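Trainee: I should like to take a close look at a single part of this structure, the ligand site. Please describe it in detail and then relate it to the rest of the chain.

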Amino acid sequence: MKEYPSTHIRNVAVVGHGGSGKTSLVDALAFVAGSSKRHGRIKDGSSLTDYSPDEIERGYSISLALAHAEWEGVKVNLFDTPGYLDFAGDAIAGIWAADASLIVLGASAGVETGTEKVWEYSRTCEHEAIFFVSMMDKEHADFAKVYGQIRERLTPKAIPVEIPIGAGADFRGIVNLITKTAHLYKAGTKTGEYDEVPIPKEIQADYEKYENDLIETVASTEDALVERYLEGKEISHDELVTAMRAAMRRRELFPVFCGAAELTYGARALLSEIVELVPPPSDNPSVHAEKWGTVEKVELQEADQAPFSALVFKTVSEPHVGDVSLFRIFSGMVKNGQEVYNPARSALEKLNHLSISQGKDKIEVDALHAGDVGVIAKLRDTHSNDTLSTQATPVVLPRIPFPEAVIHVAVEAKERGDEEKINLGLAKLAEEDPTFHWEYNPDVRQTWIYGLGERHLEVILGRLARKFGVHANQAKPKIPYRETIKGKAEGQGRHKKQTGGRGQFGDCWIRMLPMPRGGGYVFEDQIVGGAIPSKFIPAVDRGIQEAAVRGIQAGYPVVDFKVELFDGSYHTVDSNEMSFKLAGILAFRNVSPGCKPVLLEPLSDLEVLTPEEYLGAVMGDLNSRRGQILGSEPDEKFLKLKAVVPEAELYKYATQLHSLTQGRGTFRKKFRGYAEMPSDAAAKVIDEFEKTKKEKEEEA
Ligand SMILES: Nc1nc2c(ncn2[C@@H]2O[C@H](COP(=O)(O)OP(=O)(O)OP(=O)(O)O)[C@@H](O)[C@H]2O)c(=O)[nH]1
Ligand SMILES: [Mg+2]
């Protein structure tokens, strides 16, 4: 493998809606360049970057994967990212680690919700972006329609640089408006070969219109050009390209290309455009890093002579290899076998078998230069989002803002005794995937897994089975209800047992009163004159607490109440701590039902972002979930709706919101606290408790 200096590298994140043709495009680009030896296909599970067993099985991308195409002396690094929002973490990581976004659209599907999302991420990273309208060979392919949608829904600054010749079954070539040439593909070509011909007559009119638009648009980005354009003077090819590059850098212009990746049509032309228009890493402004352990800023130049820094943007665990870290060098260079430093974990790491990745194949290299992307297996203590640097200049790079989990379910072992193994597997998977996490909830005694969507969690459980050999089912998460009291009452708890020898005796009188929400549990000893000897009083307290954990009405822990112990009696021989603890338990059981017990449920603060047209549907749905709507306000193009909703009503809310808003709505949720449950909802929980109690009793 040739060594590529910074000036001869391009880093492109291939992003777009699910199924828009990204993986097929990456495959075609690497193949026509000759960098990948075979033309892989999604359909037969042979594509270059969808190589993991779960991707082959499902037929879509799940993980970010790397490939490259060596073209015109330049190495184009391609980050194939998944389109489904469930795996958006990898799309964001890809955009973050690359320098430009190649946004792929289907020529018949056009702009979809996933396209809007990746456009937003790319905008946040201030990336240059290129649009590629693929699948021009598909039925109903319509380039002009898709271009119109891009302008309307994404940006009016998009401008075609290529237009198709024919569409659908008749799609046979492309015209480049800058070089003023047409490529006609040879039917059945395997590597995208074409004949270069003059502009065909049948599209002459289209050509003139688009060419005029392009020149006018590019000229208008620079005063000097605009004047010459208005004077009707010729603008040269080089001037156009230079102006385009500059405007792309300022995000004032986004070129649109087209083709049919699966047929390799347009792949060669696109590679040349990437080489020409996307800036090499050496052109990037310096990176703002932070000196480890300080707030001191360090400006790092993307040049070989700068101190080494790289961000691990992804880790994957691969069979027979172990953990593989994908990293992007932001400054400096590294040599195979070099020792680097992970400051956040105080870990020295050796880069043995420094490699680059062509799909699943690793190609060992001697060195990697500033701006390049590499892979390394078996780092000791380095995870996604960690910075690798040197001990002499320990720095941390800005971290990838991974999206927060929006959905959680409980998991249950299919086979008893597998719980421990499941938790170990989940912990490992969480290290790999920053958008996935898990916890054991002791309140409800369930393991909960959190992710970006149902599909994400299904994939996680699939991996658990495949990699760790343990099978788990999804279950509805139990709600950690609480109980409390609203009224005051008093009464006795008396434990007396006369067996053969020494008996048991404990007797107490308590008063129970409500405490404010969050006030906790308070025990007050009001015994005067030794009615209960002081050494037994803590036992009464313990008994009450023990009983309170088991609930009053529905078996949930009782919170926010006060107990005053005001009287009692004892027996000099038969009384002991155990008897008074039992007396405490009995007192709680006798008195609490008379204190107007109620159920408390967890509430969440919800912030929903939705396009205005779905506001009614979103509000109606929240109302049906016992939500209390606090108000709405504009938030850029969307409306932000605030509401308080019981957690019990939010099971799989992400999925529902997705379908209500055609995938465009998003939400964030935060635990707000506990509040009293309305009696009808509480009655259902109490019934459920009674039912399971009865079943258990019958079983016993
Ligand atoms: N007709 C036609 N079909 C294509 C073309 N490119 C891709 N496809 C098909 O479209 C489907 C989706 O293609 P992928 O390359 O997997 O799309 P993707 O964008 O990577 O999908 P995700 O990774 O799931 O987001 C596959 O069945 C491909 O065979 C094309 O140029 N023409
Ligand atoms: Mg894909």
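Mentor: Helices and strands are DSSP runs numbered from the N terminus, a helix (H or I) having at least four residues and a strand (E) at least two. The model is a predicted one, in which local features need pLDDT of at least 70 and side-chain atom pairs count only at pLDDT 80 or more, while totals for chains, interfaces and linings use all residues. Residues are numbered from 1 along each chain as its sequence is written, chains are lettered from A and ligands numbered from 1 in the order in which they are written, and side-chain values use heavy atoms, with hydrogens and water left out.

I begin with the metal. The magnesium ion (ligand 2) has Thr23 (OG1) and Ser61 (OG) as its protein donors, at 1.9 to 2.0 Å. Donors here are N, O and S atoms within 2.8 Å of the metal (3.2 Å for Na, K and Ca), and because water is not among the atoms, sites may look incomplete. Thr23 belongs to helix α1 (residues 22-32), whereas Ser61 sits in the loop between α2 (53-58) and β2 (65-71), so the pair ties together parts that are 38 residues apart in sequence. Thr23 and Ser61 are both buried, that is, under 20% relative accessible area, as against over 50% for exposed and in between for partly exposed (1.4 Å probe, protein chains only).

Both donors recur at ligand 1. This ligand is surrounded by 21 residues, the closest being Lys22, Thr23, Ser24, Ser61 and Glu262; a residue counts if one of its heavy atoms lies within 4 Å. Oxygen atoms of ligand 1 enter several polar contacts, among them one of 3.1 Å to a polar backbone atom of Ser20, one of 2.9 Å to a backbone N or O atom of Gly21 and one of 2.7 Å to a side-chain N or O atom of Lys22. A polar contact is a pair of N or O atoms within 3.5 Å; within protein, one must be able to donate a hydrogen and the other to accept it, and residues adjacent in sequence count only if both atoms are side-chain atoms.

Lys22 and Ser61 lead on to Thr81, since Thr81 touches both, along with Val14, Val15, Leu64, Asp90, Ala91 and Gly94, leaving aside residues up to four places away in sequence. Contact means heavy atoms within 4.5 Å. Thr81 lies in the loop between β3 (74-80) and α3 (88-97), and its relative accessible area is 0%, which makes it buried. A polar atom of its side chain is 2.7 Å from the backbone oxygen of Val14. The C-alpha atoms of Thr81 and Ala91, 10 residues apart along the chain, are separated by 5.0 Å.

As for the rest of the chain, helix α15 (residues 653-660) has Tyr653, Ala654 and Leu657 as its buried residues. What covers these residues of α15 includes β25 (407-413), β34 (597-610), α14 (615-624) and β37 (666-676). After α15 comes Gln662, with a positive phi near 50°.

Overall, the protein chain holds 16 helices and 37 strands, and its C-alpha trace spans about 110 × 55 × 50 Å along the principal axes. Of its 700 residues, 54% count as buried. Among contacts between residues at least 6 apart in sequence, 71% join residues at least 24 apart.
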